Amino acid sequence: QDRDRPWPGTTLFFPMAVLLLVAALSLQGALGVVHRVPLRREILNFTATVRALRGQRRALGAKYGNPSSGGSSKINIEDYQNLCYYGTMSVGTPAQHFRVIFDTGSSDLWVPNPEVGVAGKRTYDHSASGSYVEDGGTFEVQYGSGPVAGFYSIDTMSMGGFSVSGYKFAEVTTASGLGAMYEIDPFDGICGMAWPGLTRTHNPPFQALVDSKQLDRNVFSFYLGDRHQGELYIGGSDPERSNGMTYVPLTALTYWQVRLHGVAVNNQSISTAKVAIVDSGTSLLTGPSDDVDAFFAKVGARVNVYGTAVVECSKLKNVMLSFALGNNIYELSGRDITLQSGSVEEFLDSEEAAHFEPAVLSTFKSGLSICVLGLQGLDSPTPMWILGDVFMRRYAVEFDWGGKRMGFVGGKSGPGGGDLGKWLVYAAAILGGLGLLCCVGCCIWGMSLQRPRGLLARPIILSGPTQMSMQHPQMSQPLQQGWPVAQPSNSGVAISSDGRILRPVPAYSAQ
């Protein structure tokens, strides 16, 4: 009969539906424009992969060699064979769109001027922008193999549906310092997402967005895909992919830098560095050369003069590289740190094979798979680990500008602020302590056998063959019945009915 009853709340359904629709439309307005770029998957061979790695290594050397020198939306981040993630933003009026690397390791926005002269790049034509204002200041970033240089201009910048007018950025006329990386990778420019401490001329792009007061939350979040499309959220995070996020405070307002408590390979410490930087602008993990060499030695990797490491893929099967950040440990498997794999024959036919010693090449047997590792040594004045896209593919990261912290999703409970090596020592100490307690307990138990009568409860041997009570000398009543039945013994040992020895006691008679 219940089917004939009106559904509870039916009279409120239509008004509620209207309210939900209005709320959804309001939320859509708050989220702003969502930019999506079609997915590109251009498969690179060993040679192209390594060329890109060389370019990134030069760029990293310049970047870290001298650290001194109302709403939210998302931007789809393209994955270029796990070597380059780029999204779209625009400059000018009308908008001129560019593919840029959203780089948390730098703080400048630059796009190419037509004079850059690199085929396939989208260039900025300030003469076609109605909001362009000339600045003329010199822009230059020096890399190991040359400069990235040009001049400053002022125009409207748009990122993730948010626009900032009168923004100062750089037009690049030469990008020779990026070498092969710029020629191969499909990005046009770089949008720095780090702090003002890395630029002395103007506010970084995200600082300009914060100052414009358009954001619901002064955060941005990366969700990088593994050989597929990822996303950058501006002004918020994806609730469905942010469960269990834990935060780590920044230790400097230059790079996105936090305290590193330890690095380990299969729970064995390999590093004493205390600084970790999360850098979306590099595909790699880098660490002090000695630390990275220790990792290579443990997995049997071979390294050429350019720092490129290869290893038989089977040797990575049980490898776990761990980083202790805040109260959690973040683990990377052998697969996580592999940029590309292929057959021995493919590797030997590549241009890169020529840069390995013949004795090394002879160790790679036919039929094996070879993995190119996304890990390189990089020395800087302050020993540090740079956690690039290799790390960020595994763990979503929220960059909290307002809270001066970073949030990570997916770590395991870890050292709680101590070194990873110390955490392992603490675990061993706990186990040792438990063992010591057991020994002490056994000693106390043994000593109790020799204590004077009247101190401990003890079995009383009764005259009857099937009755026993446990009685303390100072208690007038026996304890609860039901204990194992003891049999008399000439040796003074109480024996249960099933033959178990209860406790050896001095021979005496029940009083």
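These exercises treat salt bridges in a predicted model.

Local features require pLDDT of at least 70 and side-chain atom pairs count only at pLDDT 80 or more, while totals for chains, interfaces and linings use all residues. Residues are numbered from 1 along each chain as its sequence is written, and side-chain values use heavy atoms, with hydrogens and water left out.

**Exercise 1.** State how many salt bridges the structure holds, and locate the one between Asp135 and Lys168.

Solution.
1. A salt bridge is a side-chain nitrogen of Lys or Arg within 4 Å of a carboxyl oxygen of Asp or Glu. The structure holds eight.
2. For Asp135 and Lys168 the N to O distance is 3.9 Å.
3. Asp135 belongs to strand E5 (residues 133-143) and Lys168 to strand E7 (residues 162-174), 33 residues apart. Strands (E, at least two residues) and helices (H or I, at least four) are DSSP runs, numbered from the N terminus.

**Exercise 2.** Describe the pair Arg217 and Glu398 by distance, location and burial.

Solution.
1. The closest N and O atoms of Arg217 and Glu398 are 3.3 Å apart.
2. Arg217 sits in the loop between helix H4 (205-211) and strand E9 (219-223), and Glu398 in strand E24 (residues 397-400), so the salt bridge ties together parts 181 residues apart in sequence.
3. Buried means under 20% relative accessible area, exposed over 50%, and partly exposed in between (1.4 Å probe, protein chains only). Arg217, at 36%, is partly exposed; Glu398, at 2%, is buried.

**Exercise 3.** Classify both residues of the salt bridge between Asp400 and Arg405.

Solution.
1. Their closest N and O atoms are 2.8 Å apart.
2. Asp400 has a relative accessible area of 7% and is buried.
3. Arg405, at 28%, is partly exposed.
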